Amino acid sequence: MMTPSTFRTMATVTTVTGVPANTVSWRIGAGLGDSFGNGYGACWSWNGDTRRIKLKSRRRPKSLFSLPCQVSVSASASPCSSDPNPHIKDSSPVKVYEEMVEAARERFTWEISFQKKDKDISLAEVLLYMAAEDEAFMSLSRKLDAESLSRERTLASEPSDSLEWDCLEDMPLSGKKMSQWMAELDVLAKEVEVELVSREIGCHLAEVLDAVNLVLFGLKGFKRANVLDTKYSYLHSVLSCRCGNAISLSIIYIEVCRRLGLTIVGSRVGEDFLIWPQTGNPEELFKVTSGQSLFAVVNGRCVHDPKCRASDLTSTSLSGLEIATNRDIIGIALANLIRLHWKRASKRGLMLTSPLRDVDPSFSKLQKEDGYTPAIRMQSLRLAIMATERLLVLQPHNWALRRDHGMMLYYSRDYEGAVQALSICLAFAPEEEAEILESFIGKLHLMRLELSWKSMGHADQLPVP
């Protein structure tokens, strides 16, 4: 498996606004998003003229899911075996889920590898690999908990039920394979095509955007969720319940438009992320028709918000914005996922970096009560750590991200891992932050010694300053 060798700067968490609820409005959330499927399909191609879009046939590239799997699940049977019906019935569900966690991470890493061109990255596939890894981890945790409970109750051991699948691509996410979730996006694009054909073979750009909004927010009923629930960050969950956060809905919107041959680009503007159709005539986006410009139609309320920098954008300033790459979009999605998982993990709203400066008296009290670390929801913490590890593949030189990763390992009581992560962070951190980190790493070394001391059967505690 290939590992990226170059580095990128961190994609900060952004707030996306303007996604409507159940309306047939042209307003959508800002967002970000490759075609999927085999053979030929109808698509809407755009020649750069914002006035007309024509329907034609084009060959769609093969999906990564059609390629042989490169990850072996077991010695007895491999997902990439030539056998059309591979089985690993001798492997327990726990073993299979462990392999799926590893396989999903490897496929994610390959997809975002810097050996691949950014334009060749499929956002939908990458997001599904993220979901598969987290789903496999949670299923693994449930299996381990069930086995532990069974042992504690001294029940007779029963053979574990074998799974009906043994390959990452066959792993069910809300009852469907990853390829089936990708096909859901194809179906949405087909419905938009049908809507456009019923209007006219050649459509204005505004008509195409109107048709996309009609299908997604009208006929299909996609709507924005105001609850900070992590399930609304996973692509398959949003496609299933048709309810998601702004970033997820925006990615779906862009994926559908890409299948129609329409390129949607985006950029960070202040706290918002704005999108618009790629055009060689940006002035067309700001022409007001029916009381709104096309730019306002796409980005919704944030364009009219006087507090938002988007209100001041013109065709000239728009062309000066830096367009987000696919890797930037993945970074935004991961940063959002990290924030949500950490918020759920920290029961008392604890700041991730609180113990570094030790200026909060309440934290010192928590240290004494809980033994160095406060109460944490460990599964949510582990999911936050996994999301951070994925983002570090994209941004290995981001010192703040490495610091956060080390602090999460500290909260999980993995002091050795925390020392390693924070020690690497020292090489990138500013001088004033490096001094604080160095002092904290010294405390972590003492914690490791104390744990080693206790493991040898000594009851006395080592003093930790």
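**Stop 1: helix 4**

Select residues 205-219, which make up helix 4; helices here are DSSP runs of H or I with at least four residues, strands are runs of E with at least two, and both are numbered from the N terminus. Helix 4 is mostly covered, with eleven of its 15 residues buried. Buried means under 20% relative accessible area, exposed means over 50%, and partly exposed is in between, using a 1.4 Å probe and protein chains only.

A quick note before you go on: this is a predicted model, in which local features need pLDDT of at least 70 and side-chain atom pairs count only at pLDDT 80 or more, while totals for chains, interfaces and linings use all residues. Residues are numbered from 1 along each chain as its sequence is written, and side-chain values use heavy atoms, leaving out hydrogens and water.

Now colour the buried residues of helix 4: Leu205, Val208, Leu209, Asp210, Ala211, Val212, Asn213, Leu214, Val215, Leu216 and Phe217. What do they pack against? Show helix 3, helix 6, strand 6 (272-277) and helix 7 (294-299), and you have the partners. Contact here means heavy atoms within 4.5 Å.

Try a distance from the first C-alpha of helix 4 to its last: it comes to 20 Å, close to the 21 Å expected at 1.5 Å a residue. That expected span is 1.5 Å times one less than the number of residues. Just after helix 4 comes Gly221, with a positive phi near 75°.

**Stop 2: where helix 3 meets helix 6**

Select residues 178-199 for helix 3 and residues 246-259 for helix 6. Their axes come within 9 Å and cross at roughly 65°; axes are lines fitted to C-alpha atoms, for helices over the stretch in contact, with angles from 0 to 180 degrees between N-to-C directions. The crossing is right-handed, meaning that the near helix is turned clockwise from the far one by less than a right angle (anticlockwise would be left-handed).

Which residues make the contact? On helix 3, pick Met182, Leu185, Asp186, Leu188, Ala189, Val192 and Glu193; on helix 6, pick Ile252, Glu255, Val256 and Arg259. This set divides into seven nonpolar, no polar and four charged residues. Nonpolar covers Ala, Val, Leu, Ile, Met, Phe, Trp, Tyr, Cys and Pro; charged covers Asp, Glu, Lys and Arg; the others, Gly among them, are polar.

**Stop 3: helix 7 and Asn299**

Click on Asn299, which lies in helix 7. Asn299 counts as buried, at 0% relative accessibility. Draw a line from its C-alpha to that of Ala310: the two are eleven residues apart in sequence and 9.1 Å apart in space.

**Stop 4: helix 13 and the aromatic rings**

Helix 13 covers residues 399-411. Its end C-alpha atoms are 18 Å apart, which agrees with the 18 Å that its 13 residues should span. Helix 13 is mostly covered too, with eleven of its 13 residues buried, including Arg402, Asp404, His405 and Tyr410.

Stay with Tyr410, whose relative accessible area is 0%. The structure holds six aromatic pairs: rings of Phe, Tyr and Trp (its six-membered ring) pair if their centres lie within 6.5 Å, and planes under 30 degrees apart count as stacked, over 60 as edge-to-face and the rest as tilted. Tyr410 and Tyr415 have ring centres 6.2 Å apart and planes at 40°, so this pair is tilted. Tyr410 and Phe440 have ring centres 5.2 Å apart and planes at 75°, so that pair is edge-to-face. Phe440 sits in helix 15 (residues 431-455), so its pair with Tyr410 ties together parts that are 30 residues apart in sequence. Phe440 is buried at 4% relative accessibility.

To see the whole cluster, select Trp342, Tyr410, Tyr411, Tyr415 and Phe440 together.

**Stop 5: two loop residues and a serine**

Most residues other than glycine have a negative phi. Where is Ser174, with its positive phi near 55°? Look in the loop between helix 2 (123-152) and helix 3. Ser174 is partly exposed, at 48% relative accessibility. Arg413 also has a positive phi, about 70°. Find Arg413 in the loop between helix 13 and helix 14 (415-426), where it is partly exposed at 42%.

Finish at Ser380 in helix 12 (residues 378-394). Ser380 is buried, at 8%, and, leaving aside neighbours within four places in sequence, it is in contact with His341, Arg344 and Ala345.
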